[in-house]
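Me: I would like a close look at a single part of this structure, with its surroundings described carefully and every term given its cut-offs.

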Amino acid sequence: MLIVLLLLAAPALSFAAPIYSYDFEDTRTLAEYDGLSFTSAEPEIVSPGAGGSEHCLRLQTPEPAKYCPMSINVPFTVEKNLVLSFDYRAVSDPEPDGNYVGILFFDANGKQFGRFDHRFSDQWRHAEVPFGSLGTPNEGVLDVGLELVRLNLYGRADEDGAMMTVWLDNISLEARTTEGVLSDTVQTSWANPPLLCWGATEGVSRLEYSRSPDFPEDETRTAETKWGFFMPERPLDPGEWYWRVWVQTPLSEGWGTIHRLEIAEEAHTFTTRAIDPDAIEAMERPRLIDVEKARAGADLEAMVAAARSEAEQPIPDDPPIFTEGDPRWGEWIDWYRDVHGGITSRTGRRLEIMAQRAAITGDEQVRDWTLELALAVASWDPDGGSAVHRGDIGAQHVLRGLNTAYDVLHDHASEEDLATIREAIVARAEDFWDTLCPLRGDPQNNHTWLRALALGQSGLVLIGDHEDAPMWAEYARQLYLGQFLAGMGFQGDNNEGLSYWSYGLSFIIEYADMMLTVTGIDLYQHPWLNQTARFPMYCAPPGAWGVSFADTGKPNHGIKGPYSQSYVGRLAERTGDPYALWYSGRGPIEGLMPRPPVDIPQSIHYRFIGLGIANTSIVDGREGVTFAMHSGPFWAGHQHADQNAFVLHAYGEKLAIDSGYYDWYGSPHFKQYSIQTMAHNSVLVNGEGQAAMTDGADGRMAAWFDGLAHNWMVGDASDPDLYGGKLTRFDRRTLFVKPDLVVIHDLLEAPEPSAFQWLLHTVAPIEAKEAARSVEVASGEAAMSVKFLRPETIAMTVDDQYPVHPYDGYGTVPIPEDELAEEWHLTAEAEPATERQFLAVIDVRRAARQPASIRQIECEGGVGLQAARDGRRTTVLLAPDRLPAALASEHLAGVGEALAVTTEDGGLASACAINAGEMTWRGEPLLRTDAHGADMSLLVTEAGWIAQVALPDDASLLLPMVEGRVLVDGRPADARQRDGMLALSLRAGQHTIAWGEAPEQALPHVLEPIEIHVGDRSAGR
């Protein structure tokens, strides 16, 4: 009872004087300060100090270094409630992401105990480090009574080193309870209820969460848990929350860090029931495999034969650890290929498949082979070459193999053999737990997904046989709900591109299937997982090359649709998505019919990742054109420095590509080229690109509008972290007049005169005509012309070489020259200026057609251009900035940010108005609205007129008057006339208006029956 009262009251306790305290207000020489020593950093007492005090200690590195250290050499004995507190500032040049101020205590034997999570800041920060929160990087044991002899306080830069300056003040080590320091970091939860995680603790932890950092009693919710994580049962109000944990351990007690959590307004509210350990413990073995379902239609004899063939293969010895200079491998990547992949991953997968075959066939000999292999793998050192910290991909295969073998052999093997396998599982699962709780790294990175899959599987398999198993299983469920699925976006998107979407999806499907089989929990109803089968359909329509900004493959532009049909088919079956079923190429399944995607939008804006994809057809890429641009947050490690970059594909061919290879993560080609801005269709400043792999170096899709005939995007890459302050503005405005014209208008500003380089990468030779400021590219069945209307003077260079040669997959063998993907690279450079505009017009066509004639035209209030070919003429007017302006050319006029009209043989074919209020063509009004900043795409068809409009507010809308009926969003609407125009009152949002003699026939999904082919198979009519 006394312990409970202490927990609830959490009183401040009184303790003895500090073991040591340094406030540096005594300006003696540093040599007179007892216990302080300095090695590679230059120390000095300077003014001012933290919180307005007069002095502090400053440490500086005389040259670029990884460490900027000081030591306090004061021995002491560990007692309960010791807290190290200090104030710090820290800066570096350069400023690589991840610099931190670290703490390491040492005992007399050199064992270390530390904490490394205090990020650099140019503002004073206060840190409190309870001894109970210290970790050990070299297997030390921290306990009351241990003698410690030294503390190192240091700044830490990345492997390349940096010039560092670290200021320290008010360093104190004393015994007291902690009150908790308000964190500077605000974490965003895209799941509601959110997952709160603080790591493993001993005994019961008391959690408080509140809308106030003061935690007033009447506004604070509490929970007690023996686990180091918690998820409320119901969603919380969106907005900022604060949470802290009172922890009582043998080493310390008190309130931990006050965490700040922003629950996003649109956070996913999908949740499931918790895992029921009692129900799982009562299940028959095996738990992971539905044997009856797996046996249906299976060739059991063939499975036994395959198992026999596997059993005849030798069982590898314990995978060795990588050591420098070992003659078996030249570099670490060679070890990774041969040992991590060739032994660890392969053997773990081999064991899992063998165990599955044993369960499905029920063959006693296959079970014996499984046991033999499982015992061999169980004998491997869990801290050896197959350990999770040496390579989590292979380690999870090993753990999953052991899990499956244990589950299948549970009712057949001896208790002694089961105990051997179980001990191996527990040792490895505990290592996985340590990497996941609390979660480190980005939840968008698939490595955490695979680790959580393996840990959750261990939990489900060992429930009833190991006390921590329910915790592992439940934490994996909460990770998937609270971090992974919610952290990917709202439309099934993936920030790491198509290739890693497919790879990571394998783990998500495995986990979701396992949960459905073992617990009956259906994760396929989660909004992200329910929609994600359409991601490849939009990125890589059948017959089209894939849009994939991020690490993709060899080369990065090598994916062609339809892509990953197996996974898409599995998702279609589980989610009931008929469009995904069509894309997968499968026929009807259990009453679900494949459905061609003719009646859904052909384009999409993945707003969470900042990816806009404008397709003219997602049914057949050989007949369509795709223009895409990326400008969004940096989420995880497989993204590139490609903000405001675009790609362009047409008629089954590549025109503008993402350059380079993904040979392996961290290769010279990877680090120095493929992830860098120079490999993308973006802009360099003085030859330098954007920050790569840097948290906070974010782009932003500032505007998106898509209609049947037009697409408008604005990418904003002005974040100062992107170009290191070299740019103050980079807006890229793009107008796609479907299907054959792309206008790219870049607005650039810099704090000092700078040379800007506009980049274009292709897979076909680039013919540059510098005098004409134009470029020609013919790529198979497609071609494009690029005309630069601004600037008036531009220098062009073209080359066909990679600056760094890629390797042939994992290893250090270069790709042979004759096997290297051919690429050409254009750099269009403008003279130095503080403000610069690039206005590029791209004519997209089939290679057999003649190029369009592109010219600049007079435009009052902005810039105008015209493109003409074969009786088709498009006029575009652009405001000089992001604000609407009064624009006027010979025939086109209005108020907006962009206006466009296309005619066929002199007759109106389509019109577009962006951020507009009115528009006329040849004196005839096409649009009037009292909305401030409306977007409209208008298309004229034989059956009627179609207008797609986006209104920021409720508004009246006036459109050209055409006799007939009116449909608004597919429903009949009353037509009114005003000033000779069709007048409508509409709510804010996007609407589709069709009017004329047969408006329903004008809508895009009303087509004559056509037969659709995916590959060589017909998907029906």
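In which strand does L59 lie, and what can be said of the residues around that position?

Reply: This is a predicted model, in which local features need pLDDT of at least 70 and side-chain atom pairs count only at pLDDT 80 or more, while totals for chains, interfaces and linings use all residues. Residues are numbered from 1 along each chain as its sequence is written, and side-chain values use heavy atoms, with hydrogens and water left out.

L59 lies in strand 4, which covers residues 56–60; helices (H or I, at least four residues) and strands (E, at least two) are DSSP runs, numbered from the N terminus. The relative accessible area of L59 is 0%, so this residue is buried, where buried means under 20% relative accessible area, exposed over 50% and partly exposed in between, with a 1.4 Å probe and protein chains only. If neighbours within four places in sequence are set aside, L59 is in contact (heavy atoms within 4.5 Å) with F38, A41, E42, P43, C68, P69, M70, M164, T165, V166 and L168. One of these partners, F38, is 21 residues from L59 along the chain, and the C-alpha atoms of the two are separated by 9.1 Å.

C68, another of the contacts of L59, is itself buried, at 0% relative accessibility. Its sulfur is in no disulfide because the closest cysteine sulfur, that of C56, is 13 Å away, too far for a bond; a disulfide here is a pair of cysteine sulfur atoms within 2.5 Å. The search of the whole structure finds zero disulfides. C912 is likewise in no disulfide, with the nearest cysteine sulfur, in C859, 15 Å away, and C912 counts as buried at 1% relative accessibility.

For the wider setting, the largest nonpolar core has 143 residues, and those with the most contacts inside it are L207, L402, Y475, Y480 and L529; such a core is a set of buried Ala, Val, Leu, Ile, Met, Phe, Trp, Tyr and Cys residues joined through side-chain atoms within 4.5 Å. Helix 11 (residues 497–518) gives the most to this core, with eleven residues. Apart from this core lies another, of 46 residues, with Y651, V777, F788 and I794 among them. As for L207, its contacts beyond four places in sequence include W198, F230 and W243.
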